[in-house]
Amino acid sequence: MRVLVCVKRVPAPGARIVIAPDGRSLDTAHLGFTMSPHEECAVEEAVQIVEREGGHSTVLTLGPPQAEDQLRYALSLGVDAAALIPTDGSDWDPQRTAASIASAIGQIEERDGAFDLILFGNESADSGGFQVGIRVARQLGRPMVNGVKGIEFSEGGVVARRPFDGGFEEYRLPLPAVLGVKEGLNLPRYPTLKGRLSSKKAAIEQFDGSSEEGGLQMRELRPPREQVTETVILGHGPEAAPRVVEILAEIGVL
């Protein structure tokens with residue numbers, strides 16, 4: 001079983017996002033980076049599949065040279081090989097990103113054979129576009145299901161399950177196939193010390209990205225309005241009781 005996982009370098013969850021003066025990029029001076037939570041589950045699933053079925057796993061990302069950190073983290077978890085499509089650090093549109101990833105996959109498969117399964121996160125934690133995995137699957141001519149929270153192999157194919165109205169939908173796909181997985185598919189492991197050390201020495205293959213831009217363009221980033229809450233002291237001791245009764249009456253408790 002040959003499995004490929006595509007991940008993305010994104011700001012760490014909970015970080016304060018500051019928009020750069022140009023209004024179209026982020027000020028990354030004080031940001032930490034990681035891979036999206038959905039993709040952490042995709043990496044874990046790839047490792048489990050190879051442990052269970054045998055085979056080989058690869059992790060691929062498109063991003064700045066610093067994205068090697070996310071690739072090496074995946075290697076420390078048990079992924080066998082890593083590949084990087086280097087960029088100048090600017091955000092690429094989904095069409096350009098998908099075209100570059102599909103091109104790199106084609107080069108790897110021409111040399112080493114087709115991947116039986118390609119895993120994406122359901123969507124990235126920063127842009128949340130839900131597009132790249134679907135576009136790559138279409139360019140490769142392979143079936144895809146997004147929103148997956150259960151994966152099984154059966155009779156030369158894969159069964160993908162995704163939540164639906166309190167139950168699960170089941171999709172049976174022939175291999176090779178592409179799946180977009182969601183957080184909760186599994187519980188990602190932590191890297192071992194041995195894995196950390198070996199990942200630092202691992203070679204990371206590089207592929208050229210497509211220079212053709214797509215039709216989508218970044219116009220402006222707008223941060224959501226911050227919600228401010230205020231604390232009002234109703235009083236101290238017995239003198240607060242009348243106001244408490246009034247508030248309970250206002251909200252319909254009394």
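This is a short selection-by-selection tour of the structure above, which is a predicted model.

**Stop 1: helix α3**

Start by selecting residues 94-112, which make up helix α3. Put a distance between its end C-alpha atoms and you should get 26 Å. At 1.5 Å a residue, the 19 residues should span 27 Å, so the two values agree.

Now look at how the helix begins. Show Asp 93 and Gln 95 as sticks: a side-chain oxygen of Asp 93 comes to within 3.1 Å of the backbone nitrogen of Gln 95. Then jump to the other end, where Gly 113, just after α3, has a positive phi of about 105°.

Which α3 residues are buried? Colour Pro 94, Arg 96, Thr 97, Ala 98, Ser 100, Ile 101, Ala 102, Ala 104, Ile 105, Ile 108 and Glu 109. Charged side chains turn up here too, with Arg 96 and Glu 109 both among the buried residues.

What do those buried residues pack against? Bring up four strands, β1 (2-7), β4 (56-63), β5 (81-86) and β6 (117-121), plus helix α4 (132-140).

**Stop 2: the largest nonpolar core**

Next, select Val 43, Leu 119, Ile 151 and Leu 179. Within the largest nonpolar core, which has 33 residues, these four touch the most other members. At least two core residues come from each of β1, α1 (37-53), α2 (68-76), β5, β6, β7 (144-148), β9 (157-164) and β11 (177-181). Which element gives the most? That is α1, with seven residues.

Centre the view on Ile 151 and list its contacts. Leaving out residues up to four places away in sequence, Ile 151 touches Glu 45, Leu 119, Val 158, Val 159, Leu 179, Val 181 and Leu 185.

There is also a second, separate core, this one of 19 residues. To find it, select Leu 4, Leu 60, Ile 105 and Val 136, which are among its members. You have already met Ile 105 as one of the buried residues of α3.

**Stop 3: Asn 146**

Move on to strand β7 and pick out Asn 146. Is Asn 146 buried or exposed? Its relative accessibility is 15%, so Asn 146 counts as buried. The Asn 146 side chain reaches the backbone oxygen of Asn 122 at 3.5 Å. Asn 122 is also on the contact list of Asn 146, along with Phe 130, Ile 134, Arg 162 and Gly 180, again not counting residues up to four places away in sequence.

**Stop 4: salt bridges**

Finally, switch to the charged side chains; the model has 13 salt bridges. Begin with two between sequence neighbours:

- Arg 52 and Glu 53: the closest N and O atoms are 3.5 Å apart. Arg 52 is partly exposed at 46% relative accessible area, and Glu 53 is partly exposed at 41%.
- Arg 111 and Asp 112: the N to O distance is 2.9 Å. Arg 111 is partly exposed at 48%, as is Asp 112 at 39%.

For the last selection, take Glu 152 and Arg 161, which form a salt bridge at 3.2 Å, N to O. Glu 152 is partly exposed, with a relative accessible area of 41%. Which residues make up the network around this pair? Add Glu 170 and Arg 172, and you have Glu 152, Arg 161, Glu 170 and Arg 172 linked by salt bridges.

Key. Residues are numbered from 1 along each chain as its sequence is written. This is a predicted model: local features need pLDDT of at least 70, side-chain atom pairs count only at pLDDT 80 or more; totals for chains, interfaces and linings use all residues. Side-chain values use heavy atoms; hydrogens and water are left out. A salt bridge is a side-chain nitrogen of Lys or Arg within 4 Å of a carboxyl oxygen of Asp or Glu. Buried means under 20% relative accessible area, exposed over 50%, partly exposed in between (1.4 Å probe, protein chains only). The expected span of a helix is 1.5 Å times one less than its number of residues. Contact means heavy atoms within 4.5 Å. A polar contact is a pair of N or O atoms within 3.5 Å; within protein, one must be able to donate a hydrogen and the other to accept it, and residues adjacent in sequence count only if both atoms are side-chain atoms. A nonpolar core is a set of buried Ala, Val, Leu, Ile, Met, Phe, Trp, Tyr and Cys residues joined through side-chain atoms within 4.5 Å.
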